[in-house]
Amino acid sequence: MHRLISIVLILTLLNPLLMPLAVSDELPTLGGSGLLAEQQEEEIGQRVLVQLRRNAPLLSDPVLTEYLENTLYQIIPHAPMEDRSISIVAIDDPSLNAFAVPGNVVGVHAGLFLSAQSEHEFAAVMAHEIAHLSQRHYARRLEQQERSTPLTIAGILAGIILTAATGSQAGIATIAGTQALAIDTMLRHSRAHEQEADRLGLELLAEAGYDPAGMPAMFERMLRQARLQGNRPPEYLSTHPLTESRVSDTRARVKDYRDQESYGEDLAYHLVRNRLRVRYTNDLGNAEGLFRQQFEKSEGQARAAARYGLAYTLIEAGRPDEAIPHLEALLADNEGYIIYAAELGRALRESGDHRKAITLLEKHLERNPGNLTLSRTLADTHMEANDPDRAARLYERIAQEYGDDPTLWKDLAEAHGRAGNVIEVHRARGERSLLLGDPRVAVREFRQALDRAGSSHTRIEVLRERLEEANRRLSRLGDRRPRAGNG
């Protein structure tokens, strides 16, 4: 599957006609006057996001999204960055990989949670990626490459997307020849950049309150995995070459940043990790047995995480009634814990008790206004309870803050459709099309919404503004698709 995705991505990104409107024919060549301009970095980042949304298996899980946001925004304030806004992408893949590309895009393969045994190890990888962004390592590499082989943004995208979405180098030389090999080389961070990211990453970890010892521990874990896998080391190492000297260097530097004997663990990390362990298991029965055993033999935080993993497994196995007592007990021990409340709401919904689920979720959402996990769980519950109007109102509120998630607009379009709100169906489809890099479709959807907008001045103004934005994007990209005949 990775090889197939690689072939599709390289072909579509190197030949714009194969993916209409995603990349235009006349993209600028980079370089000429120092480091990559911030505007060009932003353009690369936005196009990376579009192509990932179109081609990569993305994971839309509100619990995961909120955890990633909380982790990154705990680290970012300590980084020497002017623009601290980050776009986060979760790849639905069990491999160990993460990436950061120009335009402040940070991506994480869900498999990183499976490999990192503690939140400090996980945060170490995030700090390392933020360090690369803050030092503009990609910009430096791009500028260096430009001096010998001019590249267009389309060419850069080919390499970035290949690495980000699959971590695989398969077929590059055969498909795209010398330029793709140059791109592949460019995307591999230099030894100097890796050391710089290691050292700054350690500092960021410590200042954000994480244990800096998590970095050498994670590196050692990667090296062990590389030895075990032989010719198939962790995908992360394909663009972040790791040596024993780097591990030794970070281990030696830890004492300069470690200011306490022990560091606590955030329970949320282990809850997210257990969710993903269940997602990628091939045997739910085995997972249930392991979590039961851990629950019975552990105590404290480890016992709570195991009990949550057990409950989550039972829901996924179609036995929500058995999960409910475990989640009720967890919530009784920690009444304000959002993840427990949302999961209990989901279990109640799956068991058919929509009224009780809605009451519970509304109570906790009142205490935590705007919370993504509670809001999406409640909206989904309203949909299952055949109340699409309320679901749509919730999805609308979520979109105000998380409007860069195409699945959200898809859910919103479905809710409006079931509620008979045809205008808003077209609006939601238009927004989703913009996120997927298809302004031609967005223009059509916004026009259809306007045609049905009636006399509502506010609605008309909003739709006109969105139509203008879609037209601007269409104009920038250019429409050079071969046109069919008049018939």
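**Reading helices, a loop and confidence**

Biologist: I'm starting with α17, where the buried residues are I339, Y340, A341, A342, E343, L344, G345, R346, A347, L348 and R349. What does that say about how α17 sits in the structure?

Modeller: One thing first: this is a predicted model. With burial, the idea is to compare the buried residues with the length of the helix. Here eleven of the 13 residues are buried, so α17 is largely enclosed by the rest of the structure.

Biologist: Which helices do the buried residues of α17 pack against?

Modeller: Look for the elements in contact with them. For α17 those are α3 (62-75), α13, α15, α16 (320-333), α18 (354-367) and α19 (372-384).

Biologist: And how do I check the helix geometry of α17?

Modeller: Compare its end-to-end reach with the expected span. Helix α17 covers residues 338-350 and reaches 18 Å from first to last C-alpha, close to the 18 Å expected at 1.5 Å a residue. Then see what follows: G352 comes after α17 with a positive phi, near 100°.

Biologist: Now α14. Which of its residues are buried?

Modeller: A287, E288, F291 and F295. Down the axis of α14 these fall within an arc of 100°, so they line one face of the helix.

Biologist: Why would spaced residues end up on one face?

Modeller: An α-helix has 3.6 residues a turn, so residues three or four places apart point the same way. Back in this model, E296 and K297 are exposed on the other side of α14, while the cover over its buried residues includes α13 (267-279) and α15 (300-316).

Biologist: What happens at the start of α14?

Modeller: Check the side chains there for a polar atom reaching the backbone. A side-chain oxygen of D283 comes within 3.0 Å of the backbone nitrogen of G285. As for length, the 14 residues of α14 (284-297) reach 20 Å between the end C-alphas, close to the 20 Å expected.

Biologist: Let's try single residues. Is S95 buried or exposed?

Modeller: Relative accessibility decides, and buried means under 20%. S95 has 13%, so it counts as buried. It is found in the loop between β1 (87-91) and β2 (98-101).

Biologist: What does S95 touch beyond its neighbours within four places in sequence?

Modeller: H109, G111, L112 and E235. With H109 there's also a polar contact of 2.8 Å between the side chains.

Biologist: And Q39, buried or exposed?

Modeller: Q39 has 67% relative accessibility, which means it counts as exposed. Its place is in helix α2 (residues 38-55). Its C-alpha is 8.5 Å from that of G103, 64 residues apart along the chain.

Biologist: Zooming out, how many helices and strands are there?

Modeller: The protein has 24 helices and three strands. Of its 487 residues, 54% are buried. Sequence separation is worth a look too: among contacts between residues at least 6 apart, 68% join residues at least 24 apart.

Biologist: Where should I be careful with the confidence?

Modeller: Start with the average: the mean pLDDT is 83, and 78% of the residues reach 70 or more. Then find the weak stretches. Over residues 1-34 pLDDT is below 50, though the model has 89 contacts for this stretch beyond near neighbours in sequence. Residues 167-187 also stay under 50, with 43 contacts beyond four places in sequence. Where pLDDT is low, the predicted coordinates should not be read in detail.

Conventions: Residues numbered from 1 in each chain as written. Predicted model: local features only at pLDDT ≥ 70, side-chain atom pairs only at ≥ 80, totals over all residues. Heavy atoms only, no water. Helix = DSSP H or I, 4+ residues; strand = E, 2+ residues; numbered from the N terminus. Buried < 20%, exposed > 50% of the residue type's maximum accessible area, 1.4 Å probe, protein only. Polar contact = N/O pair within 3.5 Å; in protein donor to acceptor, adjacent residues only side chain to side chain. Contact = heavy atoms within 4.5 Å. pLDDT = per-residue confidence, 0-100. Expected span 1.5 Å × (residues − 1). Arc of directions from axis to C-beta.
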